[in-house]
Amino acid sequence: MRRQSQRLESACVFCGSSDAADPEFLAAAATVGKALAVSGIRLVYGGGGVGLMGATAQAAHEAGGDVLGIIPTFLVGVERALETVEHIIVDNMHERKMLMFQRSDSFVVLPGGIGTLEEVVELLSWRRLDLHAKPVVFYNPRGFWDPLFALFRHTVDERLTPPDFMEAWVSVTAAHEVVPALLAQAREPFPSEAAVGRRG
């Protein structure tokens with residue numbers, strides 16, 4: 001499916017919120033955050049100040065970038081909402097994910113746990129249903145996401161998912177490649193967020 005070139009104005013970053021994450025992952029998250037800021041791309045993220053989530057947002061903010069955090073009330077204390085950036089506090093996780101989708105025209109996936117995995121699968125499910133054509137870039141250090149990609153391939157091999165689904169994202173192995181990969185992807189119009197809300 002051909003996409004029409006359009007400047008990206010915002011990127012949602014999905015990633016882990018654990019401070020116990022590999023320092024390499026935390027450093028990479030900061031690299032991505034700074035690169036988004038330098039490129040003039042607004043960072044939309046889960047609102048926390050911990051783990052890769054906090055590292056990305058702090059780096060983007062310190063580099064002069066525009067940052068929007070979206071966080072449910074019950075996680076404000078748990079994930080230590082980053083008070084130095086703009087925040088929207090919502091009632092629940094479903095509202096958080098929908099608002100993050102609506103406020104973003106591209107997505108970056110950094111290493112993360114079950115929460116990140118859940119967000120990514122839903123995002124790609126919507127892509128499979130042609131509810132959006134927003135660029136998606138995985139940062140895949142040391143093959144972190146390879147097991148997930150293998151599972152996706154397995155569903156294709158079993159004829160449960162169409163082969164072109166494997167083209168729904170781009171994967172890079174270096175943090176400094178993330179933003180160039182986003183910018184290199186073309187984008188085509190996608191259905192309204194109302195449609196996504198009905199079918200997602």
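User: How do the residues lining the largest cavity divide into nonpolar, polar and charged?
Analyst: Ala, Val, Leu, Ile, Met, Phe, Trp, Tyr, Cys and Pro count as nonpolar, Asp, Glu, Lys and Arg as charged, and the others, Gly among them, as polar. Here the lining has five nonpolar, no polar and three charged residues. Keep in mind that this is a predicted model, where local features need pLDDT of at least 70, side-chain atom pairs count only at pLDDT 80 or more, and totals for chains, interfaces and linings use all residues. Residues are numbered from 1 along each chain as its sequence is written, and side-chain values use heavy atoms, leaving out hydrogens and water.

User: Which helix gives the most to that lining?
Analyst: Helices are DSSP runs of H or I with at least four residues, numbered from the N terminus, and strands are E runs of at least two. It's α4, with four residues.

User: How do I read a pair of aromatic rings?
Analyst: You describe the pair by the distance of the centres and the angle of the planes. Rings of Phe, Tyr and Trp (its six-membered ring) pair if their centres lie within 6.5 Å; planes under 30 degrees apart are stacked, over 60 edge-to-face, the rest tilted. The whole structure has 12 aromatic pairs. Phe-101 and Phe-107 are stacked, at 5.9 Å centre to centre and 20° between the planes.

User: Why is the pair Phe-138 and Phe-149 edge-to-face?
Analyst: Because the ring centres are 5.0 Å apart and the planes sit at 85°. Phe-138 lies in strand β6 and Phe-149 in helix α5, so this pair ties together parts 11 residues apart in sequence.
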